[in-house]
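Work through the exercises below with the structure open beside you. Try each task before you read the solution that follows.

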Amino acid sequence: LTSDKRAKIRGVVKALRVCGKLGGAGAAYQRKLCELISVTVRAIVTECVADAAKNAPGGGDEANPVVSKGTMAGVAHMSLDQFFDCINMLFEQVLGLLWGAFAVNKFCIDEGFILDDNTP
């Protein structure tokens with residue numbers, strides 16, 4: 001980050017601390033990150049199940065029992081290769097999100113930010 005952006009973030013953190021909302025902002029960030037991870041996992045698994053159903057005998061058919069029974073049945077009917085591809089895609093995406101969160105955490109540590117409204 002540039003020094004201008006760091007200064008701007010410092011000002012926002014200071015304002016949040018003065019207003020007593022820094023802890024709430026940290027909690028909101030954590031909640032949104034968890035929601036984003038959950039949505040990402042759901043989307044990837046749903047996509048993998050749909051792809052596996054299309055490639056299954058009778059795939060793409062609305063009468064296909066794998067499609068009509070839902071995600072858990074779809075995962076259970078994946079081939080080993082399809083399952084490993086799905087897991088690989090999940091790890092890539094979730095790790096990307098976690099690396100972003102790590103960068104935010106490192107920035108907060110480097111700047112001395114403690115997400116507690118009672119800390120001076």
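## Exercise 1: A residue at the end of a helix

Ala-76 has a relative accessible area of 61%, and because the cut-off for exposed is over 50%, Ala-76 counts as exposed. The model examined here, and in every exercise that follows, is a predicted one.

**Task.** State in which helix Ala-76 is found, and how far Ala-76 is from Val-49 in sequence and in space.

**Solution.** Begin with the helix: Ala-76 is found in H4, which covers residues 71–76. Then turn to the pair, where Ala-76 and Val-49 are 27 residues apart in sequence, while their C-alpha atoms are 9.2 Å apart in space.

## Exercise 2: The chain as a whole

**Task.** Describe the secondary structure of the chain, and then say what share of its residues is buried.

**Solution.** Start with the elements: the chain has five helices and zero strands, and reading along the sequence gives the pattern α-α-α-α-α. Next consider burial, where buried residues make up 20% of the 120 residues in the chain. The accessible surface comes to about 8,400 Å², and carbon and sulfur atoms account for 63% of that surface. Finally, look at the contacts with a separation of 6 or more, of which 73% are between residues 24 or more positions apart.

## Exercise 3: Checking the span of a helix

**Task.** Work out whether the end C-alpha atoms of H1 agree or disagree with the span expected from 1.5 Å a residue.

**Solution.** The first step is to take the 17 residues of H1 at 1.5 Å a residue, where the expected span is 1.5 Å times one less than the number of residues, so that H1 should span 24 Å. The second step is to compare this with the model, in which the end C-alpha atoms of H1 are 24 Å apart, and the two therefore agree. Just after H1 comes Gly-20, which takes a positive phi of about 75°.

## Exercise 4: Salt bridges

**Task.** Say how many salt bridges the structure holds, and describe the pairs formed by Arg-6, by Asp-51 and by Asp-110.

**Solution.** The structure holds five salt bridges. As background, side chains of opposite charge can pair when their charged atoms come close.

1. Arg-6 pairs with Glu-111, and the closest N and O atoms of this salt bridge are 2.4 Å apart. Distant parts of the chain are linked by this pair, for Arg-6 lies in helix H1 (residues 3–19) and Glu-111 in helix H5 (residues 80–111), 105 residues apart. Arg-6 has a relative accessibility of 24% and so counts as partly exposed. Arg-6 and Glu-111 also belong, together with Arg-10, to a network of salt bridges.
2. Asp-51 meets Lys-54 in a salt bridge of 3.7 Å, N to O. Because the two are three residues apart in helix H2 (residues 22–55), about one helical turn separates Asp-51 and Lys-54. Asp-51 is partly exposed at 34% relative accessibility, whereas Lys-54 counts as exposed at 53%.
3. Asp-110 forms a salt bridge with Lys-106, with the closest N and O atoms 2.9 Å apart. Since Asp-110 and Lys-106 are four residues apart in helix H5, they too are separated by about one helical turn. Asp-110 is partly exposed, with a relative accessible area of 48%, and Lys-106 is partly exposed at 42%.

## Exercise 5: Aromatic pairs

**Task.** Decide for Phe-83 with Phe-84, and for Trp-99 with Phe-102, whether the rings are edge-to-face or tilted.

**Solution.** The structure holds three aromatic pairs. Among them is the pair of Phe-83 and Phe-84, whose centres are 6.1 Å apart with 55° between the planes, and this pair is tilted. The rings of Trp-99 and Phe-102 have centres 5.5 Å apart and planes at 90°, and because planes over 60 degrees apart count as edge-to-face, this pair is edge-to-face. Trp-99 and Phe-102 are both in helix H5, where they are three residues apart, about one turn of the helix. Trp-99 is exposed at 57% relative accessible area, whereas Phe-102 is partly exposed at 46%.

## Exercise 6: Cysteines

**Task.** Give the count of disulfides, and say whether Cys-34 and Cys-108 are buried or partly exposed.

**Solution.** With a cut-off of 2.5 Å between cysteine sulfur atoms, the count comes to zero disulfides. Cys-34 is partly exposed, with a relative accessible area of 46%, whereas Cys-108 has a relative accessibility of 14% and therefore counts as buried.

Technical notes: Residues numbered from 1 in each chain as written. Predicted model: local features only at pLDDT ≥ 70, side-chain atom pairs only at ≥ 80, totals over all residues. Heavy atoms only, no water. Salt bridge = Lys/Arg side-chain N within 4 Å of Asp/Glu carboxyl O. Buried < 20%, exposed > 50% of the residue type's maximum accessible area, 1.4 Å probe, protein only. Phe/Tyr/Trp six-rings, centres within 6.5 Å; stacked < 30°, edge-to-face > 60°. Contact = heavy atoms within 4.5 Å. Areas by Shrake-Rupley, 256 points an atom, 1.4 Å probe, with all protein chains shown as cover.
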